[in-house]
Amino acid sequence: MGLSTDAIHAGQESDPTTGAVSVPIYQTSTYEMAELGVTRGYDYARTINPTRSALERSIAALEKGQRGFAFASGMAAINAVFSMLSTGDHVVISENVYGGTFRLINGVLKNFGLSFSFVDTSDLANVEKAMTPHTRMVFVETPTNPILTLTDIAGAAKLCRRKDATLIVDNTFMSPYFQSPIPLGADIVVHSTTKFLNGHSDSVGGAAVAVKKEHIEKLHFIQKSAGAVLSPFDSWLVLRGIKTLAVRMDRHEANARAIADFLDGHPRIKRVAYPGLDSHPQHALAKKQARGFGALITFDLGGLDAAKALLSRVRLCSLGESLGGIETLISHPATMTHAGYTQPERDALGIGNGLVRISVGCEDAEDLIADLQRALDAV
Ligand SMILES: Cc1ncc(COP(=O)(O)O)c(C=O)c1O
């Protein structure tokens, strides 16, 4: 089936008991046994819950994987994936990943004898150079946050196969509607479902989708053992959000293209990063490996004062963390999502104090452009 059809139907079959077309919220912690030692397939809700299972089937189908796992947040999903490693293992990872991933690695995972090399994965030669005999995983965020550089997923998959490493792609920014890392060769896809999959800024959640039996078994074991599972209500919210994924993503992207064109020509703006612009250095790769360019745009106003002036004047664009909701969110990566990096680290990544990121929502593009125009006039 096509992605729009799968978004509405995969995993979301009518309830077998009542025919309810909306998957019920199974708000239960445990299940009555048929008799001693005999369950109906459900024993305890940390291990299995029908609402969560429906979401896991839905996301696995959308990502074209074998099995999905839903977690209490995107970070919990990423932590579960890294929990597959053992002391001494090494990971190569995109250098400007989401700040929370960076914090998890430096503040927690490194204490367990794991090592990580942060490299610019847009050049696969850097990935190969950083690999050691202990490299077990390559973790790629593409496009990266907030600079929007891309990594060649198929190329990375080929390299990982050659080096016997597992390729993990954080597909949060593109959503499965625009990008399918698994058919391109990735082994595991992770998501913050908080973003486009749920799409309504009213749930925090995460997911991992795997293909190989060994990964599926490990992730299942970690999910039930560590227990950072998504609640039944949040699972239902994400299922509901996914039903409109296709229509939302089309609108997000149409608006983003219009806004990127507007910003690109604006005299106050030094540089606009959007994979859909011809000026994006990896525009050709974006066209090759994805079905769209997404809804994230980053632009540089040259300094903190200009960024502050803009952010204090926008009215329709809400100043806030996060992305992927139907409402347009605007943020300042240096002091918000990437506050966990030191200034020299941010400088090295190109996350200057004048950088502003927009997650373009589904409002009318003309209203968003008018809001930005008004705010930019005062910068
Ligand atoms: C690309 C990316 N991955 C992972 C996460 C973490 O997700 P969560 O906030 O749901 O824990 C985020 C959060 O912003 C993100 O942007």
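A polar contact here is a pair of N or O atoms within 3.5 Å; within protein, one must be able to donate a hydrogen and the other to accept it, and residues adjacent in sequence count only if both atoms are side-chain atoms. Keep that in mind for the ligand.

First, the ground rules. This is a predicted model: local features need pLDDT of at least 70, side-chain atom pairs count only at pLDDT 80 or more, and totals for chains, interfaces and linings use all residues. Residues are numbered from 1 along each chain as its sequence is written, and side-chain values use heavy atoms, with hydrogens and water left out.

Now the ligand. Which backbones does it touch? A polar backbone atom of Met75 sits 2.9 Å from an oxygen atom of the ligand. Gly74 also offers a polar backbone atom, 2.9 Å from a ligand oxygen. From Ser192 it is a polar side-chain atom, 2.8 Å from an oxygen of the ligand. How much of the ligand is covered? Alone, the ligand exposes 390 Å², and the protein buries 91% of that. Those accessible areas come from the Shrake-Rupley method with a 1.4 Å probe; for residues, only the protein chains shown count as cover.

Next, the shell. There are 14 residues around the ligand, and Gly74, Asp170, Ser192, Thr194 and Lys195 come nearest. Near means one heavy atom of the residue within 4 Å. Helix α3, residues 74–82, gives the largest share of the shell, three residues. Helices (H or I, at least four residues) and strands (E, at least two) are DSSP runs, numbered from the N terminus. By class, the shell has five nonpolar, six polar and three charged residues. Nonpolar covers Ala, Val, Leu, Ile, Met, Phe, Trp, Tyr, Cys and Pro; charged is Asp, Glu, Lys and Arg; the others, Gly among them, are polar.

On to the fold. The protein has 14 helices and twelve strands. Its radius of gyration is 21 Å, close to the 21 Å of the globule rule for 379 residues, so the protein is as compact as a globular protein of that length. That radius is taken over C-alpha atoms, and the rule is 2.2 Å times the number of residues to the power 0.38. Along the principal axes, the C-alpha atoms fill a box of roughly 75 × 50 × 35 Å.

Cavities next. A cavity is a set of points, on a 1 Å grid over the protein atoms alone, where a 1.4 Å probe fits but cannot get out; lining residues have an atom within 4 Å of a point. How many are there of 30 Å³ or more? Two. The largest holds about 60 Å³. Its lining includes Thr142, Pro143, Met174 and Phe293, and divides into seven nonpolar, four polar and no charged residues. The second largest holds about 40 Å³. Pro143, Met174 and Phe293 are among its lining residues. That lining has eight nonpolar, one polar and no charged residues.

Last, the backbone. Most residues other than glycine have a negative phi, and most peptide bonds are trans. Thr142 to Pro143 is cis, with omega near 0°. Asn145 and Pro146 are also joined by a cis bond, omega about 5°. Pro143 lies in the loop between β4 (135–141) and α6 (153–163), and Pro146 lies in the loop between β4 and α6. Ser175, not a glycine, has a positive phi of about 70°. Ser175 belongs to helix α7, residues 175–178.

How values were computed. 1 Å grid on protein atoms, 1.4 Å probe; cavity = no way out; pocket = protein on both sides within 12 Å on 5 of 7 lines; lining within 4 Å. Points joined across faces, edges and corners; volume = space filled by probe spheres on them.
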